[in-house]
Amino acid sequence: MAARPPRVIVTKIGFDGHDRGSRVIAACLRDAGMEVIYTPPWQEIPTVVKLAMEEDADVIGISSLATDHLIVPRLMSALRDAGMGDVQVIVGGIVPHRDEAVLLESGVARVFHPGTSLDDVVAEVRALTAKRRQMQGASA
């Protein structure tokens, strides 16, 4: 039996409504054979946590063009509180380097900046999915 493909939620939290980048990433991951759950912008953190639980997401991709990435540490806390600390979270978009350290310290797996190749995003999502599934196997 073949392993199921990576299951990825691509979303935006906060008030930033610019979603072109997240749509490009969602299509890229889908075309790479992944199961992608795409949400419209303006999602609230509890909604994303609930969706991740319902969909058994391996990875959550957060797109940020404005400063909404600054609320991602709250998402990380909410995931841990829900017992979903193994779900890998990536952030892409306009993220100043000084904010990247804050995100990584909160548990974000990776921050992608403009100019990152789509192949690199796909490879990283596959690697993070394998990491999550290994973590699940270790705890079972």
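Reader: Which residues are linked in a network of salt bridges?
Author: This is a predicted model, in which local features need pLDDT of at least 70 and side-chain atom pairs count only at pLDDT 80 or more, while totals for chains, interfaces and linings use all residues. Residues are numbered from 1 along each chain as its sequence is written, and side-chain values use heavy atoms, with hydrogens and water left out. A salt bridge here is a side-chain nitrogen of Lys or Arg within 4 Å of a carboxyl oxygen of Asp or Glu. Salt bridges of this kind form a network that links Arg-4, Asp-56, Asp-58, Asp-86, Arg-132 and Arg-133.

Reader: How many residues apart in sequence are the parts that Arg-4 and Asp-58 tie together?
Author: Arg-4 and Asp-58 form a salt bridge, with their closest N and O atoms 3.5 Å apart. Arg-4 lies in the segment before β1 (7-11), whereas Asp-58 sits in the loop between α2 (45-55) and β3 (59-64), so the pair ties together parts whose separation in sequence is 54 residues.

Reader: Is Asp-58 buried or exposed, and what is its relative accessible area?
Author: The words have fixed limits, taken with a 1.4 Å probe and protein chains only: buried means under 20% relative accessible area, exposed means over 50%, and partly exposed lies in between. Arg-4 is partly exposed, because its relative accessible area is 27%. Its partner Asp-58, by contrast, is buried, with a relative accessible area of 0%.

Reader: In which helix is Arg-132, which links to Asp-58 as a distant part of the chain?
Author: The side chains of Arg-132 and Asp-58 meet in a salt bridge, at 3.1 Å from N to O. This pair links parts of the chain that are 74 residues apart, with Asp-58 in the loop between α2 and β3 and Arg-132 in helix α5 (residues 118-139). Helices (H or I, at least four residues) and strands (E, at least two) are DSSP runs numbered from the N terminus, and the helix that holds Arg-132 is α5.

Reader: How many residues apart are Arg-132 and Asp-86?
Author: Arg-132 also meets Asp-86 in a salt bridge, again given as 3.1 Å from N to O. Asp-86 belongs to the loop between α3 (72-81) and β4 (88-93), while Arg-132 is in helix α5, and the distance between them along the chain is 46 residues.

Reader: How many salt bridges does a search of the whole structure find?
Author: The pairs described above include Arg-132 with Asp-86, both of which are buried. When the search covers the whole structure, the number of salt bridges found is eleven.

Reader: Which pattern does the protein follow when read along the sequence?
Author: The protein has five helices and five strands. Read along the sequence, these elements follow the pattern β-α-β-α-β-α-β-α-β-α.

Reader: What is the radius of gyration of the protein?
Author: The radius of gyration is taken over C-alpha atoms, and the globule rule is 2.2 Å times the number of residues to the power 0.38. With 140 residues, a compact globule would have a value near 14 Å, which agrees with the protein's own 14 Å.

Reader: What percentage of the 140 residues in the protein do buried residues make up?
Author: The C-alpha atoms fill a box of roughly 40 × 35 × 25 Å, taken along the principal axes. Within the protein, the share of residues that are buried is 44%.

Reader: Around the axis of α1, how wide is the arc that its buried residues cover?
Author: The expected span of a helix is 1.5 Å times one less than its number of residues, and the twelve residues of α1 (residues 20-31) should therefore span 16 Å, which agrees with the 17 Å between its end C-alpha atoms. The buried residues of α1 are Ser-22, Ala-26, Cys-28 and Leu-29. Judged by the directions from the helix axis to the C-beta atoms, they are on the same side of α1, because they cover an arc of only 165°.

Reader: On the other side of α1, which residues are exposed?
Author: Just after α1 comes Gly-33, which takes a positive phi of about 95°. Within α1, on its other side, the exposed residues are Arg-20 and Asp-31.

Reader: Which residues does Val-108 touch, not counting residues up to four places away in sequence?
Author: Val-108 is found in the loop between α4 (97-106) and β5 (110-112), and it is buried, with a relative accessible area of 5%. A contact means heavy atoms within 4.5 Å, and by this rule Val-108 touches Val-72, Met-76, Val-89, Ile-90, Val-91 and Leu-103.
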